[in-house]
Amino acid sequence: MRTIEASALTPIISRLCIEANCRLPQDVKNRIEHCRTCEDWPIANNMLDKIIENYNIAETDNMPICQDTGVVCVFLEIGEDVHIKGHIATAVDEGVRMGYKEGYLRNSVVVDPLFNRKNTGDNTPAMLYTEYVPGDKITITVAPKGFGSENMSRVRMLKPSDGIEGVIKYVLRTVERAGPNPCPPIIVGVGVGGTIDKAALLSKKALMRPIGVFNKNPLYAALEIELLTKVNHLGIGPQGFGGRTTALSVAIEYMPTHIAGLPCAVNINCHVARHVTEVL
């Protein structure tokens with residue numbers, strides 16, 4: 001059994017908050033640059049050029065890629081042979097507090113969603129998700145999520161009879177209704193199965209999958225490719241000005257569900273698909 005002080009998470013979370021906000025993952029940059037070579041619509045080309053220029057400046061100058069530095073989503077995969085001494089959520093929130101202060105990142109979290117929308121002043125609390133896995137390590141993923149895209153996300157309890165076509169229609173309808181609001185080109189995470197809350201979590205976890213890595217189940221992999229093709233045929237294009245590149249990727253995660261249900265969640269991420277992972 002390996003013992004880790006919860007406080008060891010704090011400096012890591014702090015550093016990853018800054019890194020995630022200032023450096024786009026390489027797989028996302030690669031796909032954007034590939035899409036730039038495929039566009040034949042001048043306005044779409046110009047938009048992609050601006051996006052590329054923006055994330056290059058952000059990385060060079062260590063500045064946020066986007067002014068919305070998001071709600072911090074933290075995923076912890078905790079090895080079953082790890083004993084964490086101390087309070088995990090407190091250590092994580094302290095890391096967010098430090099990172100957003102040191103990185104001069106915008107604080108976007110309010111105390112209460114309805115009656116007291118006063119800013120917490122330090123971007124806490126983080127949205128914390130924990131999962132137990134084999135081993136004696138902790139895998140930490142920090143994913144700041146802006147609400148231009150989060151607000152365009154949806155979850156619906158489909159009927160089993162809606163089937164595959166129902167899921168396809170729902171994903172396409174969600175993206176079409178979102179239009180230019182989530183700052184396309186977007187990444188589309190789809191969660192299918194479980195319960196209403198599990199489907200939503202699956203859709204957010206799908207956004208963390210590297211672009212170009214498909215679902216291990218070939219049926220779902222084929223559906224990801226089909227959905228990406230159909231989403232890009234919507235013609236929304238970069239920043240909503242038209243073109244071939246509405247989405248960079250579609251990723252689906254699934255799990256068993258009840259005989260009477262087909263939960264389906266669609267979590268949209270803008271092209272600033274921020275996430276970074278480190279193993280402790």
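This passage describes the domains, sheets, backbone exceptions and internal spaces of a predicted model. Local features were taken only at pLDDT of at least 70 and side-chain atom pairs only at pLDDT 80 or more, whereas totals for chains, interfaces and linings use all residues. Residues are numbered from 1 along each chain as its sequence is written, and side-chain values use heavy atoms, with hydrogens and water left out.

The protein chain is assigned domain 1 (2-21 + 65-145) and domain 2 (148-273), with bounds that come from an automatic or database domain assignment. The C-alpha centres of domain 1 and domain 2 are 25 Å apart. Domain 1 contributes 10 residues to the contact and domain 2 contributes 12 residues, where contact means heavy atoms within 4.5 Å.

Secondary structure elements are DSSP runs numbered from the N terminus, with helices (H or I) of at least four residues and strands (E) of at least two. Strands of a sheet pair through backbone hydrogen bonds, either parallel or antiparallel. Two strands are taken as paired if DSSP finds at least two bridges between them.

One open sheet is formed by 4 strands in the order β4-β2-β5-β10, with mixed pairing. Strands β4 and β10 (276-279) are at the edges with a single partner strand each, so one side of each is left without a neighbour in the sheet. The twist from one strand to the next averages 15°; axes are lines fitted to C-alpha atoms, for helices over the stretch in contact, and angles run from 0 to 180 degrees between N-to-C directions. Strands β2 and β4 run parallel and are joined by 7 bridges, and V74 stands opposite L128 in β4. Helix α4 packs on this sheet, where α4 touches β2, β4 and β5 and its direction makes about 140° with that of β2. Helix α1 (residues 9-22) lies across β2, β5 and β10 and runs at about 40° to β5.

A further open sheet has 4 strands in the order β6-β9-β7-β8, and its pairing is mixed. Its edge strands, β6 (154-158) and β8 (247-257), each pair on one side only. The twist in this sheet averages 15° from one strand to the next. Strands β7 (residues 186-194) and β9 (residues 262-269) pair in the antiparallel sense over 6 bridges, and V188 stands opposite I268 in β9. Helix α7 (residues 196-206) packs on the sheet and touches β6, β7, β8 and β9, with its direction at about 145° to that of β7.

Most residues other than glycine have a negative phi, and most peptide bonds are trans. Exceptions occur in two loops of the model. In the loop between α4 (88-102) and β4 (127-133), where P125 lies, a cis peptide bond joins T124 and P125 with omega of about 5°. N123 lies in the loop between α4 and β4 and has a positive phi, near 65°. The peptide bond from P184 to P185 is also cis, with omega near 15°; P185 lies in the loop between α6 (163-178) and β7.

Internal space was assessed on a 1 Å grid over the protein atoms alone: a cavity is a set of points where a 1.4 Å probe fits but cannot get out, a pocket is an open set with protein on both sides within 12 Å along at least five of seven lines, and lining residues have an atom within 4 Å of a point. Grid points are joined across faces, edges and corners, and a volume is the space filled by probe spheres set on the points.

The largest pocket holds about 400 Å³ of space. Its lining comprises 18 residues, of which F75, E77, E131, L201 and K205 lie nearest its centre. Strands β2, β4 and β5 and helix α7 each supply at least two residues of this lining, and α7 gives the most, with 4 residues. The lining divides into 8 nonpolar, 5 polar and 5 charged residues, where Ala, Val, Leu, Ile, Met, Phe, Trp, Tyr, Cys and Pro count as nonpolar, Asp, Glu, Lys and Arg as charged, and the others, Gly among them, as polar. Domain 1 and domain 2 each provide at least three residues of the pocket lining.

The count of cavities of 30 Å³ or more is 1, and the largest cavity has a volume of about 30 Å³. The largest cavity is lined by C73, F75, A143, K145, K204, L207 and M208. Strands β2 (71-79) and β5 (138-145) each supply at least two residues of that lining, which has 5 nonpolar, no polar and 2 charged residues. At least three residues of the cavity lining are drawn from each of domain 1 and domain 2.
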